[in-house]
Amino acid sequence: MLFVEETIGVTDSAHIPQQRGDLLLDSAVRYVEERHWDVFPGTWLEAADGRETCSCDRTDCPAPGAHATGPDWAAQATGSAVAARRLWSKQPRASVLLPTGRTFDALDVPESAGFLALARMERMNLTLGPVTRTPLRRMLFFVLPGAALKVDDLLRKLGWMPGAIDLVTRGEGEYVAAPPTRIGGSGAVQWARRPTQANRWLPDVEELMSPLAYACGREAAAERARRAQGLSSK
């Protein structure tokens, strides 16, 4: 199974790389056909005056070119390859967005914690699902749907108060950006662990929670230490 990904940033104000519509359409169709994931098109990047802006026209857009175009996005999501081709043919540069809470949920953690957790999971021989890495320095671990209902209890059992660590569950009513979607001039969403035949069956959240909570806990402790050091140096 081949999933194409790009990491493209704005490195020259005189030349803005274009989000390639053929890659976006091809990826959207592959997600539907090969993973049975629903997809829907989001906003896209517009080039103007040597910079990129979101098609939503918001100057303070938090995710330029990588968010839903309106509140009715859930109704637009489709599991049909034919419908996906039709949607992206209307706007080939549209980002590829995946609804969560349907065929998967996603555990959203800081990038540094995500890499630490990945290393621990590999040592533990855990079976991983796909994992994305975003240019906003976040990593998302795909797990079976329903994780949002379990995470708080699982964290308490591991000795963590929900909200004390930076671990967010993306479930029903939410969505994530999929490769090769670009977010502003920061770069593209990439696969840290690609979708393959080996990870077609997603893990349950219980299987990944211990290493993820440990990694996020270490990240939270390091952040507290950095803040304390910053205050003491003033």
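**Following the salt bridges**

There are 17 salt bridges in this structure, which is a predicted model. What's behind such a pairing? Side chains of opposite charge can pair when their charged atoms come close. Let's walk through a few of them.

Start with helix α1, which covers residues 21–35. Here Asp26 forms a salt bridge with Arg30, and their closest N and O atoms are 3.0 Å apart. Because the two sit 4 residues apart in α1, about one helical turn separates Asp26 from Arg30. Is Asp26 buried or exposed? Its relative accessible area is 31%, so Asp26 counts as partly exposed, given that buried means under 20% and exposed over 50%.

Now for a pair with partners in two strands. The side chains of Asp108 and Arg138 meet in a salt bridge, at 2.8 Å from N to O. Asp108 belongs to strand β5 (residues 105–110) and Arg138 to strand β7 (residues 138–143), so this pair ties together parts that are 30 residues apart in sequence. Look at how much of each residue is accessible, too. Asp108 has a relative accessibility of 6%, so it counts as buried. Arg138 comes out at 18%, so it counts as buried as well.

Next, find Arg193 and Glu122. These two form a salt bridge, with the closest N and O atoms 2.1 Å apart. Arg193 lies in strand β10 (residues 190–193), while Glu122 is part of helix α4, so the pair ties together parts that are 71 residues apart in sequence. Arg193, at 29% relative accessibility, counts as partly exposed, and Glu122 is partly exposed with a relative accessible area of 42%. Some salt bridges also link up: by sharing partners, they join Asp108, Arg138, Asp166, Arg170 and Glu174 into one network.

Since Glu122 has brought us to α4, let's stay with that helix. It has 13 residues, 111–123, and at 1.5 Å a residue it should span 18 Å. Its end C-alpha atoms are 19 Å apart, which agrees. Which residues of α4 are buried? They are Glu111, Ala113, Gly114, Ala117, Leu118 and Met121. These buried residues cover an arc of only 150 degrees around the axis, which puts them on the same side of α4. Finally, α4 is followed by Asn125, a residue whose phi is positive, near 60 degrees.

Terms used
Residues numbered from 1 in each chain as written. Predicted model: local features only at pLDDT ≥ 70, side-chain atom pairs only at ≥ 80, totals over all residues. Heavy atoms only, no water. Expected span 1.5 Å × (residues − 1). Buried < 20%, exposed > 50% of the residue type's maximum accessible area, 1.4 Å probe, protein only. Arc of directions from axis to C-beta. Salt bridge = Lys/Arg side-chain N within 4 Å of Asp/Glu carboxyl O.
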